[in-house]
Structure formats: C-alpha cells, structure tokens
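Q: Please take a close look at one part of this model. Describe its backbone and its surroundings, then set it against the rest of the chain.

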Amino acid sequence: MAEVFELRPAFDWRGLGEIPWSGLRLKDEYAGFDAERRFGVRDERVPDSQSCECAAIVRGQKHPRACKLFGSVRTPDHPIGACMVSSEGACAAYYSYGRHREGAGRAAA
Ligand code: SF4
C-alpha cells in the first residue's frame with residue numbers, strides 16, 4: 001500500500017463532507033494505472049435528494065427505517081440515494097437481508 005498509494009490532501013465523503021488527509025490516490029510513478037488521470041475523471045458533486053436520509057444514516061444518527069422512502073418508494077431496484085444504490089450501502093444491505101419486514105426477526109427465532 002505505501003509503495004503504490006499516497007494520501008490525498010482532502011477527500012469529500014458522502015454524508016460526512018470533506019475530511020483532510022482521509023483518502024488515497026496513486027503515486028505519480030503509477031499514474032499510468034490511474035483512471036482519474038488517464039481518462040480525465042472529474043470530481044462532480046451530486047447533491048442528495050432532500051428526502052434522502054443517507055447522511056444521517058452513514059453517521060449512525062438514524063436507522064434506514066427512519067427514511068420515509070425506505071422499502072416503499074425506494075428499493076435496490078429503484079434507488080435514490082447512495083445508501084441504496086451501492087450493494088454495501090446501509091439501506092441496500094438492510095433491505096436485502098429482510099430485516100425491514102415486520103416480524104422477520106421474530107419468525108426466525
Ligand atoms: S432509503 Fe434511499 S432515500 Fe432513504 S435514506 Fe436510504 S438511500 Fe436515502
């Protein structure tokens with residue numbers, strides 16, 4: 001890791017904002033493998049929907065069920081926020097493993 005990567009001066013984490021020295025990038029010696037440099041990938045910021053509770057969920061301040069869109073309007077097949085788009089996102093994982101269903105935990109016990 002230390003041979004190939006170096007710290008970025010800052011990185012903008014969804015829901016957390018910009019945190020200094022919290023992300024990695026490829027060192028100049030490995031620029032040929034860096035898709036950001038090779039393909040001119042830009043850092044585009046896309047604001048979350050105002051209805052999305054992702055920021056509070058990734059901070060552990062709210063539960064996925066606290067989002068009024070969770071499991072009804074918004075599912076992994078019809079996501080709106082990063083927490084549901086990514087398979088490892090909190091909302092998608094919670095939805096996929098069925099804990100959002102009423103009584104699911106009790107039925108297995
Ligand atoms: S269910 Fe969707 S809209 Fe609601 S917090 Fe999760 S990602 Fe955001």
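A: A residue counts as buried if 20 or more other C-beta atoms lie within 10 Å of its own, as exposed if 12 or fewer do, and as partly exposed in between. Keep those cut-offs in mind for the loop discussed below. The model is predicted.

Start with the hairpin and the loop that follows it. Strand E2 covers residues 10-13 and strand E3 covers residues 17-20. The two strands pair in the antiparallel sense, over four bridges. Two facing pairs show the register. Alanine 10 stands opposite proline 20 in E3. Phenylalanine 11 has isoleucine 19 as its bridge partner in E3. Three residues separate E2 from E3 in this hairpin. Glycine 15 sits in the turn, with a positive phi of about 85 degrees.

Now move past E3. Tryptophan 21 lies in the loop between E3 and strand E4 (24-26). Its backbone stands out. Most residues other than glycine have a negative phi. Tryptophan 21 is not a glycine, yet its phi is positive, near 55 degrees.

Is tryptophan 21 buried or exposed? Tryptophan 21 has 10 C-beta neighbours inside 10 Å, so it counts as exposed.

Serine 22 is in the loop between E3 and E4 too. How does serine 22 count, exposed or partly exposed? It has 14 C-beta neighbours inside 10 Å. That count is over 12 and under 20, so serine 22 is partly exposed.

Which residues does serine 22 touch, apart from neighbours within four places in sequence? Serine 22 is in contact with Phe11 and Trp13. Phe11 ties this back to the hairpin, where its bridge partner is isoleucine 19. Arginine 8 offers another reference point. The C-alpha atoms of serine 22 and arginine 8 are separated by 6.9 Å, with their positions 14 residues apart along the chain counted as the separation.

Continue along the chain to helix H1 (35-38). Glutamate 36 is in helix H1. It has 12 other C-beta atoms within 10 Å, so it is exposed. Its C-alpha atom is separated by 9.4 Å from that of arginine 25, 11 residues apart along the chain. Valine 41 follows, in the loop between H1 and H2. Valine 41 counts as exposed because it has 10 C-beta neighbours inside 10 Å. Beyond its neighbours within four places in sequence, valine 41 is in contact with Ala35 and Glu36.

Set this against the whole chain. There are five helices and four strands. Along the sequence the pattern is β-β-β-β-α-α-α-α-α. The chain has 109 residues, and 16% of them count as buried. Of the contacts with a separation of 6 or more, 33% join residues 24 or more positions apart.

The largest nonpolar core lies elsewhere in the sequence. Nonpolar side chains tend to be buried together in soluble globular proteins. This core has 12 residues, including Cys52, Ile57, Phe70, Met84 and Tyr95. H2, H3 and helix H4 (90-96) each give two or more residues to the core. H4 gives the largest share, four residues.

The ligand comes next. Its shell has 14 residues, and Cys52, Cys67, Gly81, Cys83 and Cys91 come nearest. Cys52, Cys67, Cys83 and Cys91 also belong to the largest nonpolar core. Helix H2 (54-58) and helix H3 (82-85) each supply at least two residues of the shell. By class, the shell has 11 nonpolar, one polar and two charged residues.

Last, confidence. The chain averages a pLDDT of 84, and 89% of the residues score at least 70. Strand E1 (residues 5-7) has the highest mean, at 98. Helix H5 (residues 104-108) has the lowest, at 46. Over residues 105-109 the pLDDT is below 50, and this stretch has one contact in the model beyond near neighbours in sequence.

How values were computed:
Residues numbered from 1 in each chain as written. Predicted model: local features only at pLDDT ≥ 70, side-chain atom pairs only at ≥ 80, totals over all residues. Near = placed C-beta within 6 Å. Nonpolar A, V, L, I, M, F, W, Y, C, P; charged D, E, K, R; others polar. pLDDT = per-residue confidence, 0-100. Contact = placed C-beta atoms within 7 Å. Core = buried A, V, L, I, M, F, W, Y, C linked by C-beta atoms within 7 Å. Pairing = 2+ DSSP bridges.
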